[in-house]
Structures are given as structure tokens and as C-alpha cells.
Amino acid sequence: MIVVIDTNSPPSDFVSGHWYGCPGGTCSVSDDVSSFKGYVNDLISTADGRDVWVTEFQRYGGETGQREFLEDVLPWLDSSAVVR
């Protein structure tokens, strides 16, 4: 994962990120959940107290896998004090 913060730009109130799962749905749901949560946690660490906006995310694969992914990550996102 790459997180870039431009320290030469004016300060911002938040950090945003996009995440996309394994191309072609080749990873398991649990692997994509772990990858997504790791990515968001890295954003939170990098944000240094600022809010985090996850503006796009997608798990590739069939409808069942997408539903399982969302059922896991949406409550987790909602429980965060800094993710918007």
C-alpha cells in the first residue's frame, strides 16, 4: 500500500483513499476483508488525527462474495470514530 501526504501543500482537514480488491475476484473474501481493513488502518495512522474519507472501495467477484465482504466491513467502518 502506498500513502502519499504532500507536505508542501496547504494543510488539510482529512485524508482520503480508494481501495479495490484482487483483480478478477481471485482472492478470498477473508483476504479482501483483511487487505481492506489493513489499508484503512494505514490511512488512519498516516492521517495523524485527521478524519479519513474512504471515498471508493470495491471487492471484485460474485454477488455472494461482495455481500459477505460488505456485511463484514460496513459495520467495522461505521464503528470508527475517524472514518467518514
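Helices here are DSSP runs of at least four residues, numbered from the N terminus, and that is how H1 gets its name. Keep in mind as you click around that this is a predicted model.

**Stop 1: the end of H1.** Select Asp48, just after H1. Its phi is positive, at about 50 degrees.

**Stop 2: the whole helix.** Now select residues 29–47, which make up helix H1. At 1.5 Å a residue, these 19 residues should span 27 Å, and the end C-alpha atoms are indeed 27 Å apart, so the two values agree.

**Stop 3: the buried side.** Within H1, colour Val29, Asp32, Val33, Phe36, Tyr39, Val40, Leu43 and Ala47, the buried residues of this helix. They cover an arc of only 130 degrees around the axis, so they sit on the same side of H1. Why can residues spread along a helix point the same way? An α-helix has 3.6 residues a turn, so residues three or four places apart point the same way.

**Stop 4: what covers that side.** Show strand E1 (14–20), strand E2 (51–58) and helix H2 (63–78) as well. These elements are among what covers the buried residues of H1.

**Stop 5: the opposite face.** Turn to the face of H1 that points away from its buried side, and pick out the exposed residues Ser30, Ser34 and Ser45.

**Stop 6: the disulfide.** How many disulfides does a search of the whole structure find? The search finds one. Select Cys22 and Cys27 to see the link, with 1.7 Å from S to S. It is left-handed, with -60 degrees about the S-S bond. Cys22 is buried, because its relative accessible area of 16% is under 20%. Cys27, at 21%, counts as partly exposed.

Note on methods: Residues are numbered from 1 along each chain as its sequence is written. This is a predicted model: local features need pLDDT of at least 70, side-chain atom pairs count only at pLDDT 80 or more; totals for chains, interfaces and linings use all residues. Side-chain values use heavy atoms; hydrogens and water are left out. Helices (H or I, at least four residues) and strands (E, at least two) are DSSP runs, numbered from the N terminus. The expected span of a helix is 1.5 Å times one less than its number of residues. Buried means under 20% relative accessible area, exposed over 50%, partly exposed in between (1.4 Å probe, protein chains only). The arc is that of the directions from the helix axis to the C-beta atoms. Contact means heavy atoms within 4.5 Å. A disulfide is a pair of cysteine sulfur atoms within 2.5 Å.
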